[in-house]
Amino acid sequence: SLSDGGPLERCALMQQLAIALDRGGRGSRAADVYLEAAQIAERDESVHLFRLATSHLLSSGRFEEGEALLAPLLQALGHRLPTTTVGLLWAMLWERLKLSIRGLGYVARDASQVPKEVLARIDTFDALYLCTVSMHPLRAALFMARSVRWALDAGEPGRVLNALGQLWFSAALAGRGRAERRVSELRARARQLAETLATPAARARVCTTHAAASFMMGEYAEVLEASEEAERLYRQDVTTQRDARYQMRLSVATCRIGALYVVGNYRAFSEALHSTLVEARAAEDIAAQLVFALNETLLDELHGRGEAAVERLEAQRAQLPKCGFGIYHGVHMVAVCIAACASGRLAWGIGRLEEEWPRFVRSTVRHIPSIGTLVYYGRARLLVSAWVAGTLSTPAAVRLTILRDCPELIESQ
């Protein structure tokens, strides 16, 4: 028992326990404590704790449990989401149109001047965007579009900064050459506001977004610089949103480790990946392990551990989200291609690839250059390896497939 006092005292102590668990990287356990605290809290506080539980479940990889809480959470806030892909797409496009017409202007207001329910709604959709973007990008885009518009309407500077960061990263997803002007404009806006706020939390948010956006744009030297500063700030525990810190730290680590591999600093890549995975496994953080599936497979390839990669990926396949096809799935597909080539298990790799290919082609992930390009290259490498090894009976079909994918590769650059 945490306390012999009344329900409110017990609830307060449970929240302190959950915060401590989160700071220690135990997001899954923190979710359980937040959920238990929500059962005894007063109504407004209960919704807030329910939101924290939901976002921590999704962020730590307990996807089905988090999904089960999502609809009740939105209902408690007076919102609901379309249940079909077409409905989500139209809702997202409608929100983007409203934001385009509205523009990015705002009237700065102190948080005390904005109704609490408005701030709660913004924080909820902001958190849901962060914890679902890798599992269901289309739905996450709707969360983002609504939270951005509401944040600009509210005018609270910290939340406006979050909104600008989301728009900045979203623009960077289009890849280098397509939206560089838009990325530069949003980066300048975010930096200017962060300088005005002059808080470590604002600086951490900008550095995190800078690292993630630079990674998507292929600017790896900037990734390393921004991620180093962000990690320094997160070690000081500067984040004010309880469910943002967890996801922000993972985002920074993902970008930094990926950039280290691309620039060829394999020693630093191996050390950073190893320490991050040790922490993720100790915390039973399934989401982090799925995020790093490709990095871990690349490390296995460097050390000649192809079979180990195949076994791990087979186990992780069952842990992928069931609600859609997202970045987790795309990363897993690329890892499968590399593991198949590294282990010689080419037939296994082709079989797994064929199972997932129709879902990939229909998904929004296909149109994210940093992911889509990797999937197409991974498939090309796997098919060429199988062709050279003589394990495919129709080499002409392999040539045709690779040639057909060439326009997709060019388009995704």
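A residue is taken as buried when its relative accessible area is under 20%, with a 1.4 Å probe and protein chains only. In this predicted model, Phe-125 and Trp-150 both meet that criterion and are buried.

Aromatic contacts were examined across the whole structure, and the search returned 10 aromatic pairs. One of these joins Phe-125 and Trp-150 in an edge-to-face arrangement, with 4.8 Å from centre to centre and 75 degrees between the planes. Phe-125 belongs to helix H6 (residues 116-132) and Trp-150 to helix H7 (residues 137-154), so this pair ties together parts that lie 25 residues apart in sequence. The ring of Trp-150 is also engaged by a charged residue: the charged end of Arg-121 sits over this ring, 4.3 Å from its centre.

A further pair is formed by Trp-357 and Phe-360. The ring centres of Trp-357 and Phe-360 are 5.0 Å apart and the planes stand at 50 degrees, so the pair is classed as tilted. Both residues lie in helix H18 (residues 346-362), where a spacing of three residues separates Trp-357 from Phe-360 by about one helical turn. Trp-357 has a relative accessible area of 13% and is therefore buried. Phe-360 is likewise counted as buried, because its relative accessibility is 0%.

Trp-357 and Phe-360 are also members of a cluster, in which ring pairs link them with Phe-325 and Tyr-376. As with Trp-150, a charge sits over the ring of Trp-357: here the charged end belongs to Arg-379 and is placed 3.6 Å from the ring centre.

Pockets were considered next. The largest pocket has a volume of about 1300 Å³. Its lining comprises 47 residues, of which Phe-215, Met-216, Thr-254, Ser-370 and Ile-371 are the closest to the pocket centre. Two or more lining residues are given by each of H6, helix H8 (157-172), helix H10 (200-217), helix H12 (245-262), helix H15 (293-302), helix H17 (327-343) and helix H19 (369-389). Helix H6, which carries Phe-125 of the edge-to-face pair, is thus among the elements that contribute to this lining. The largest share of the lining comes from H12, with nine residues. By residue class, the lining of the largest pocket consists of 26 nonpolar, 18 polar and three charged residues.

Methods. Residues are numbered from 1 along each chain as its sequence is written. This is a predicted model: local features need pLDDT of at least 70, side-chain atom pairs count only at pLDDT 80 or more; totals for chains, interfaces and linings use all residues. Side-chain values use heavy atoms; hydrogens and water are left out. Rings of Phe, Tyr and Trp (its six-membered ring) pair if their centres lie within 6.5 Å; planes under 30 degrees apart count as stacked, over 60 as edge-to-face and the rest as tilted. Helices (H or I, at least four residues) and strands (E, at least two) are DSSP runs, numbered from the N terminus. Buried means under 20% relative accessible area, exposed over 50%, partly exposed in between (1.4 Å probe, protein chains only). A charge sits over a ring if NZ of Lys or CZ of Arg is within 6 Å of the ring centre and within 35 degrees of the ring normal. On a 1 Å grid over the protein atoms alone, a cavity is a set of points where a 1.4 Å probe fits but cannot get out, and a pocket is an open set with protein on both sides within 12 Å along at least five of seven lines; lining residues have an atom within 4 Å of a point. Grid points are joined across faces, edges and corners, and a volume is the space filled by probe spheres set on the points. Ala, Val, Leu, Ile, Met, Phe, Trp, Tyr, Cys and Pro count as nonpolar, Asp, Glu, Lys and Arg as charged, and the others, Gly among them, as polar.
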